[in-house]
Structure formats: C-alpha cells, structure tokens
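User: I am new to this model. Please take one close look at its charged side chains and how they are placed.

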Amino acid sequence: MTQVIDHVSSRALATPRLTAARFGDCAVSYGDLDRIIHDYEPVLSRHGLGPSAALTAGIMGSLPSVSRSESVVEVLAWLSRDIVPAARLRAVS
C-alpha cells in the first residue's frame, strides 16, 4: 500500500490534474486523491490506523460510487498498474 501512496504522490507532483481513477460516473485526479489521502492520515492515525486506511478512505471519499471492498480492490489494482505489472488489467467502470 505504501508503494501505491508513494506512486499517487509522485504522479500528483508531476501531473496533478491527470485522472488517477474513474469508477462509475465519478473520477478523481492524482492531485485531489493525494490531498485527500494526506487529509485522512492524521485523523486515522489518532485512532491507530495506518496509511493503508488513509488510502482506502481516500478512494471511498473521492469516488462515492465505490461502496464494496471488491470495488476498492479494483481501484487499487488500477492505481498500482504501473508499479506491479498485471496481466489482463482492465479499466473499472
């Protein structure tokens, strides 16, 4: 998960307006997703949760149509597509 967060942060620096993920009718840019993840981190850490919880909360907070854990996994797979090569990766819609 840390690799995905780092990847989102580096993409946010390079191309903040580029769409990071799209799910249903909603989309989020790398810049917005990075900001949302970092906004969640202090709140979640006060409750003993780590960066992966901030990433999950960021995805669910920025893409309201993501409501099931399977959907979060699909978005995570999409975000990590440049980190871990995946066979037969498809866009999430």
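Analyst: Start with a cut-off: a residue is buried under 20% relative accessible area, exposed over 50%, and partly exposed in between. The model is predicted. It holds three salt bridges.

Take Arg-11 and Asp-82. Their side chains meet in a salt bridge, 3.2 Å from N to O. This pair links distant parts of the chain. Arg-11 sits in helix 1, while Asp-82 lies in the segment after helix 4, 71 residues apart. Asp-82 has 47% relative accessibility, so it counts as partly exposed. Arg-11 is partly exposed too, with a relative accessible area of 21%.

Now turn to helix 2, residues 30-46. Here Arg-35 meets Asp-32 in a salt bridge of 3.9 Å, N to O. Arg-35 also meets Asp-39, at 3.5 Å, N to O. Asp-32, Arg-35 and Asp-39 are thus linked in a network of salt bridges.

The spacing along the helix comes next. Arg-35 and Asp-32 are three residues apart, about one turn of the helix. Arg-35 and Asp-39 are four residues apart, again about one helical turn. An α-helix has 3.6 residues a turn, so residues three or four places apart point the same way. Side chains of opposite charge can pair when their charged atoms come close.

What about exposure in this network? Arg-35 is partly exposed, at 43% relative accessibility. Asp-32 is partly exposed at 37%. Asp-39 is partly exposed as well, with a relative accessible area of 47%.

Helix 2 holds another acidic residue, Asp-34. Asp-34 is buried yet has no salt bridge. The nearest side chain of opposite charge is Arg-35, 8.5 Å away. A salt bridge needs a side-chain nitrogen within 4 Å of a carboxyl oxygen, so that distance does not qualify. Which residues does Asp-34 touch, leaving aside its neighbours within four places in sequence? They are Val-8, Ser-9 and Ala-12.

Last, look at the helix that comes before Asp-82. Helix 4 spans residues 69-79, with Ser-71, Val-72, Val-75, Leu-76 and Leu-79 buried. Seen down the axis, these buried residues fall within an arc of 140°, so they line one face of the helix. What covers them includes helix 1 and helix 2. Strand 1 and helix 3 are also among the covering elements.

Notes
Residues numbered from 1 in each chain as written. Predicted model: local features only at pLDDT ≥ 70, side-chain atom pairs only at ≥ 80, totals over all residues. Heavy atoms only, no water. Buried < 20%, exposed > 50% of the residue type's maximum accessible area, 1.4 Å probe, protein only. Helix = DSSP H or I, 4+ residues; strand = E, 2+ residues; numbered from the N terminus. Arc of directions from axis to C-beta. Contact = heavy atoms within 4.5 Å. Lys, Arg positive; Asp, Glu negative; His and termini not counted.
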